[in-house]
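Subject: Structure for you to look at, with notes

Dear colleague,

I am passing on a structure that I would like you to open and look through at your own pace. My notes come after it, and I suggest keeping the view open while you read them.

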Amino acid sequence: MGEEHSQPLEAGTPPLVERIRGVLVEPGATFGRHDPAWGWVGPWLVVALAGVLYGLVVLARIDVVAVQQAEAERAMEQLDPATRRRIESDPKAQEVLATTQRFMAFFGKVGLIAGPPVTGLGGLLLGGMLCFAASTVAARRTPGAPRPDLTRCLSLAAHVSLVELVGLGALTVGVLSGNHAPSTSAVNLVDAVTQPVAAAALSRVDPVKALYWVVLAAGLHGSLGLPRRWAVGLAAGGYAVVSLGVVGLAGLGALASKLGGA
C-alpha cells in the first residue's frame, strides 16, 4: 500500500469534467491518482449549482405552499378526534398553525435555493474531518500508510460529493415530468404521514446513497491508503449508522406525536 502511494502522480490537475466522469465511472482509478491539489472548490460549486438549479425547477413547476398545506391537513387528520376538535375550535391555536405554515412555506422556498451551497459546504467539512480521522487511525496502525493530510481529505470529500449530481439529475427529471414529490429511494412506496418509520427506512433504500458510500470506500482506499477491507468496512459501517439514526429519529418523532396527541 505504501509503495502504491509513493509513486509520482501524473503532472497537473485533470479538468473538472474529467474528474466528474472519473468519480462516477471509474472511482477506483480516479482516486488512485487523487492529489490534494485538485482542491475542493470546483466539485462543491458544481454540486451547489446543480442543487440551486433543481430548486429553481421545483419553484417553477410546483406550488410549494399548496403541497405543505396539504401535508399539514393530512397530519391533522392523524390526531385523535378530541384533540383535533379542540385545535379547530381554538382561534389562537388556528392562528399559531397558520403562522407556522407561513414560516414553513417561506423557509422551504429559501431552502431550495440557499440550502444546496450551505448544506454542501457543511457536509464537505464534516466528511473531510471524518476522512481525516480515518486517515489518522490508518497511519498509526498500517505501516507505510500516507500521513494524515486535511487538505487531501477535504478534496476527497468534495469529489465524493459529485455523486449527488446523479440524484439531482434524476429528481429534476422527475419534477419536470410532473411529479411533485420525486425521490431516488423507495420512500414513496408508503405514506410518510401514517407510516413515518417505514418511510424513513425505505428512504435509505436508495441506489444514489449506495453509490455514494461505494465511491467513498474507493476514495478511502485509493487516496488515503486505507487497506481495502478497512475502507469497505468503514463505508458500510457509516451507511448503517446513518440509516439507524434516520430510522431512530423517525421513531422518536412518531412516539412524540402519539404522546402529544394523547
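Below I describe what was found, going from the interior to the surface and then to the charged pairs.

Please keep in mind throughout that this is a predicted model.

The interior

A good place to begin is the largest nonpolar core, which has 33 residues, and in which Phe31, Val58, Cys131, Leu220 and Leu224 touch the most other members. Several helices build this core, since α2 (16–25), α4, α7, α8 (150–160), α9 (164–176), α11 (207–222) and α12 (228–261) each supply at least two of its residues, and the largest share, 7 residues, comes from α11. As general background, nonpolar side chains in soluble globular proteins tend to be buried together.

Two of the residues just named can be followed a little further. If neighbours within four places in sequence are set aside, Leu220 is in contact with Cys131, Leu156, Gly225, Leu226, Ala231 and Leu234. Leu224, for its part, is found in the loop between α11 and α12, and it counts as buried because its relative accessibility is 2%, where the cut-off for buried is under 20%. Leu224 and Leu156 are 68 residues apart in sequence, and yet their C-alpha atoms are 8.7 Å apart in space.

Helix α8

Leu156 brings us to α8, in which 9 of the 11 residues are buried, so this helix is largely enclosed by the rest of the structure. The buried residues are Arg152, Cys153, Leu154, Ser155, Leu156, Ala157, Ala158, His159 and Val160, and what covers them includes α2, α3, α4, α7 and α11.

Which residues does His159 touch, leaving aside its neighbours within four places in sequence? His159 is in contact with Arg19, Val23, Phe31, His34, Trp38, Gly39 and Pro43. This residue lies in α8, and it counts as buried because its relative accessibility is 0%.

Thr30 is another residue worth finding in the viewer, and it lies in helix α3 (residues 27–32). It counts as buried, because its relative accessibility is 2%. Once neighbours within four places in sequence are left aside, Thr30 is in contact with Arg19, Gly22, Val23 and Trp38; Arg19, Val23 and Trp38 are also among the contacts of His159. Thr30 and Glu18 are 12 residues apart in sequence, and the distance between their C-alpha atoms is 9.5 Å.

Helix α4, inside and outside

Helix α4 has 21 residues and reaches 30 Å from its first C-alpha to its last, which is close to the 30 Å expected at 1.5 Å a residue. Its buried residues are Pro43, Val47, Ala48, Ala50, Gly51, Val52, Tyr54, Gly55, Val57 and Val58, and they pack against α2, α5 (64–77), α7, α8 and α9.

The helix also contributes to the surface, where Trp40, Val41, Leu45, Leu49, Leu121 and Leu125 form a nonpolar patch with about 510 Å² of accessible area together. Both α4 (41–61) and α7 (91–141) supply at least two residues of this patch, and α4 gives the most, with 3 residues. Is Leu45, which lies in α4, buried or partly exposed? Leu45 counts as partly exposed, because its relative accessibility is 39%, and partly exposed covers the range between the under 20% of buried residues and the over 50% of exposed ones.

Salt bridges

How many salt bridges does the structure hold? It holds 2 salt bridges. In one of them the side chains of Arg21 and Glu26 meet at 3.5 Å, N to O. Arg21 counts as partly exposed because its relative accessibility is 42%, and Glu26 is partly exposed as well, with a relative accessible area of 38%.

The side chains of Lys209 and Asp206 also meet in a salt bridge, at 3.1 Å, N to O. Here Lys209 counts as partly exposed, because its relative accessibility is 29%, whereas Asp206 is buried, with a relative accessible area of 7%.

With best wishes

Conventions: Residues are numbered from 1 along each chain as its sequence is written. This is a predicted model: local features need pLDDT of at least 70, side-chain atom pairs count only at pLDDT 80 or more; totals for chains, interfaces and linings use all residues. Side-chain values use heavy atoms; hydrogens and water are left out. Patches are made of residues with over 30% relative accessible area and no salt bridge: like charges are joined within 9 Å, nonpolar side chains (Val, Leu, Ile, Met, Phe, Trp, Tyr) within 5 Å. Accessible areas come from the Shrake-Rupley method with a 1.4 Å probe; for residues, only the protein chains shown count as cover. A salt bridge is a side-chain nitrogen of Lys or Arg within 4 Å of a carboxyl oxygen of Asp or Glu. Helices (H or I, at least four residues) and strands (E, at least two) are DSSP runs, numbered from the N terminus. Buried means under 20% relative accessible area, exposed over 50%, partly exposed in between (1.4 Å probe, protein chains only). Contact means heavy atoms within 4.5 Å. A nonpolar core is a set of buried Ala, Val, Leu, Ile, Met, Phe, Trp, Tyr and Cys residues joined through side-chain atoms within 4.5 Å. The expected span of a helix is 1.5 Å times one less than its number of residues.
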